[in-house]
Amino acid sequence: MTLDALLSPRLSLCNLAGSSKKKLLLNIAQAIAEQYPQFDSDTVFNQLIARERLGSTGIGEGVAIPHCHLPGCEHPIGVLCTTDPAVDFDAADRQPVDLLFALLVPEGHEQEHLDTLAQIAGLFSDSRVRDKLRAAETGDELYALAIDSSAAA
């Protein structure tokens, strides 16, 4: 699945507020519920937290990819955000996270889920891409940089 099929400018958020991992995930869940009213923010939040309890989705270098299966979800949904300040996400490298890509996928689509996670992780493995995304000042700019970077990858 291409990044532009997962992401929208409305779910590309610069300087998302949140003083903790839980608060960030709650704010992401609320942003999703605003754009997709069929989803309750509490349900989205609980699914993200349940996945996080299995192990941190902080992948290192200040990046996290929180993800979960969401009942009633018909197609994958992505949320890209930067935070200021960075937040402890229990990442293996112990670096705080300031760049997140949340991914919600339909139940029963495990291979698509894994393939999409790998694609996102690959994009964030490039320090130049991370630096560009962190420098974005608006959601539209963040979205455009992400789409351009994924097309170039």
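The exercises below work through the cores, the strand pairing and a few single residues of a predicted model.

Residues are numbered from 1 along each chain as its sequence is written, and side-chain values use heavy atoms, with hydrogens and water left out. Because the model is predicted, local features need pLDDT of at least 70 and side-chain atom pairs count only at pLDDT 80 or more, while totals for chains, interfaces and linings use all residues.

**Exercise 1. The nonpolar cores**

Task: Find which residues of the largest nonpolar core touch the most other members, and which elements give two or more residues to this core.

Solution. Begin with the terms: a nonpolar core is a set of buried Ala, Val, Leu, Ile, Met, Phe, Trp, Tyr and Cys residues joined through side-chain atoms within 4.5 Å, and buried means under 20% relative accessible area, whereas exposed means over 50% and partly exposed lies in between (1.4 Å probe, protein chains only). The largest such core has 28 residues, and those that touch the most other members are Ile-28, Ile-32, Phe-39, Val-44 and Leu-100. Next come the elements, where helices (H or I, at least four residues) and strands (E, at least two) are DSSP runs numbered from the N terminus. Two or more residues come from each of strand 1 (12-16), helix 2 (21-35), helix 3 (41-53), strand 5 (77-87) and strand 6 (97-105). Helix 2 supplies the largest share, six residues. Apart from this core lies another, of 22 residues, which includes Cys-14, Ile-65, Phe-101 and Phe-124. As general background, nonpolar side chains tend to be buried together in soluble globular proteins.

**Exercise 2. Strand 6 and its partners**

Task: Work out which strands pair with strand 6, and in which sense, parallel or antiparallel.

Solution. Two strands are said to pair if DSSP finds at least two bridges between them. Strand 3 (residues 63-64) runs parallel to strand 6 and is joined to it by two bridges, with Val-63 opposite Leu-99. Strand 4 (residues 67-69) is also parallel to strand 6, through three bridges, and here His-69 has Val-105 as its bridge partner. Strand 5 pairs with strand 6 in the antiparallel sense over seven bridges; Ile-77 stands opposite Leu-104, and Cys-81 stands opposite Leu-100. Strand 5 is in turn joined to strand 1 by three bridges, and these two strands run parallel, with Ser-12 and Leu-80 as bridge partners. As for burial, nine of the nine residues of strand 6 are buried, and strand 5 is largely enclosed by the rest of the structure because eight of its 11 residues are buried.

**Exercise 3. The cysteines**

Task: Decide how many disulfides the structure holds, and state how far the sulfur of Cys-14 is from the nearest cysteine sulfur.

Solution. A disulfide is counted when a pair of cysteine sulfur atoms lies within 2.5 Å, and the structure holds zero of them. For Cys-14, the nearest cysteine sulfur is that of Cys-81, 9.3 Å away, and Cys-14 is in no disulfide. Cys-14 counts as buried because its relative accessibility is 19%, and Cys-81 is also buried, with a relative accessible area of 0%.

**Exercise 4. Phe-89 and His-67**

Task: Say where Phe-89 is found, and which residues the side chain of His-67 reaches through polar atoms.

Solution. Phe-89 is found in the loop between strand 5 and strand 6, and is buried, with a relative accessible area of 0%. Contact here means heavy atoms within 4.5 Å; not counting residues up to four places away in sequence, Phe-89 touches residues including Lys-21, Leu-24, Glu-52, Pro-66 and Leu-100. His-67 has its place in strand 4 and counts as buried at 11% relative accessibility. Leaving aside its neighbours within four places in sequence, His-67 is in contact with Leu-48, Arg-51, Thr-57, Leu-103, His-113 and Leu-117. A polar contact is a pair of N or O atoms within 3.5 Å, and within protein one must be able to donate a hydrogen and the other to accept it, while residues adjacent in sequence count only if both atoms are side-chain atoms. The side chain of His-67 makes such a contact with the side chain of Arg-51 (3.2 Å), and it also reaches the backbone oxygen of Ile-65 at 2.7 Å.
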